[in-house]
Amino acid sequence: LDLLAPLGRMLLVGHASTTPEEPIRGNDLWVRNIGVLGFSVGPILQAHPLRARKASSAVITIIEQGALHVPIETLPLTQASEAHRRLEARGVAGRLILTT
């Protein structure tokens, strides 16, 4: 939050733990005119499945243009415990795929 400019917004996408490391106090937001917004696509798509069509088309276009890069790493299935260790330690950016 300290990095946000006045009127800045932070988007929280994904939240593996259910409690923040530091709670956000209302005065922290109000005094500095900043905001935090949570986003979870699952509930939106379940409630409004047709909204996904336009958004997914836009994302596919961005991927086809090469403007979006998602790192993909593979590990053999025999290293599943290492994969879980890294995931639990939040040491994975992008996708981690186990292969046989």
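Let's start at one glycine: Gly 94 sits in the loop between α4 (80–88) and β4 (95–99). Keep in mind as you explore that this is a predicted model.

How exposed is Gly 94? Gly 94 has a relative accessible area of 33%, so it counts as partly exposed. Which residues does Gly 94 touch, if we set aside its neighbours within four places in sequence? The answer is Val 70 and Pro 71. You can also look from Gly 94 across to Glu 73, which lies 21 residues away along the chain. The C-alpha atoms of Gly 94 and Glu 73 are 8.0 Å apart. Hold on to Glu 73, as we will meet this residue again.

**The whole chain**

Now let's step back. The protein chain contains four helices and four strands. In what order do they come along the sequence? Reading along the chain, you find β-α-β-α-α-β-α-β.

For the overall dimensions, picture a box drawn along the principal axes: the C-alpha atoms fill roughly 55 × 35 × 30 Å. The radius of gyration of the protein chain is 18 Å, whereas a compact globule of 100 residues would have a value near 13 Å. Of the 100 residues, 8% count as buried. The accessible surface of the chain is about 8600 Å², and carbon and sulfur atoms make up 60% of it.

How do the parts of the chain meet? Take the contacts in the protein chain with a separation of 6 or more: 54% of these are between residues 24 or more positions apart.

**Charges and salt bridges**

The protein chain carries 10 positive and 8 negative side chains. The centres of these two sets are 10 Å apart. Side chains of opposite charge can pair when their charged atoms come close. How many salt bridges does a search of the whole structure find? It finds three, and here they are:

| Negative residue | Positive residue | Closest N and O atoms |
|---|---|---|
| Asp 28 | Arg 25 | 3.0 Å |
| Glu 73 | Arg 86 | 2.8 Å |
| Glu 82 | Arg 85 | 2.8 Å |

Let's begin with Glu 73, the residue we saw earlier. Glu 73 forms a salt bridge with Arg 86. This pair links distant parts of the chain, with Arg 86 in helix α4 and Glu 73 in strand β3 (residues 72–76), 13 residues apart. Is Arg 86 buried or exposed? Its relative accessibility is 17%, and buried means under 20%, so Arg 86 counts as buried. Its partner Glu 73 has a relative accessible area of 33% and is therefore partly exposed.

Helix α4 also holds the pair Glu 82 and Arg 85. Why are these two separated by about one helical turn? Because they are three residues apart in the helix. Glu 82 is partly exposed at 27% relative accessibility, and Arg 85 is likewise partly exposed, at 45%.

The remaining pair in the table joins Asp 28 to Arg 25. Asp 28 has 24% relative accessibility, so this residue counts as partly exposed. Arg 25 has a relative accessible area of 55%; exposed means over 50%, so Arg 25 is exposed.

**Looking back**

We began at Gly 94, in the loop between α4 and β4. From there, Glu 73 led us to a salt bridge with Arg 86, and helix α4 gave us the pair of Glu 82 and Arg 85. Try finding each of these residues in the structure above.

Definitions and conventions. Residues numbered from 1 in each chain as written. Predicted model: local features only at pLDDT ≥ 70, side-chain atom pairs only at ≥ 80, totals over all residues. Heavy atoms only, no water. Rg over C-alpha atoms; globule rule 2.2 N^0.38 Å. Buried < 20%, exposed > 50% of the residue type's maximum accessible area, 1.4 Å probe, protein only. Contact = heavy atoms within 4.5 Å. Areas by Shrake-Rupley, 256 points an atom, 1.4 Å probe, with all protein chains shown as cover. Lys, Arg positive; Asp, Glu negative; His and termini not counted. Charge placed at Lys NZ, Arg CZ, Asp CG, Glu CD. Salt bridge = Lys/Arg side-chain N within 4 Å of Asp/Glu carboxyl O.
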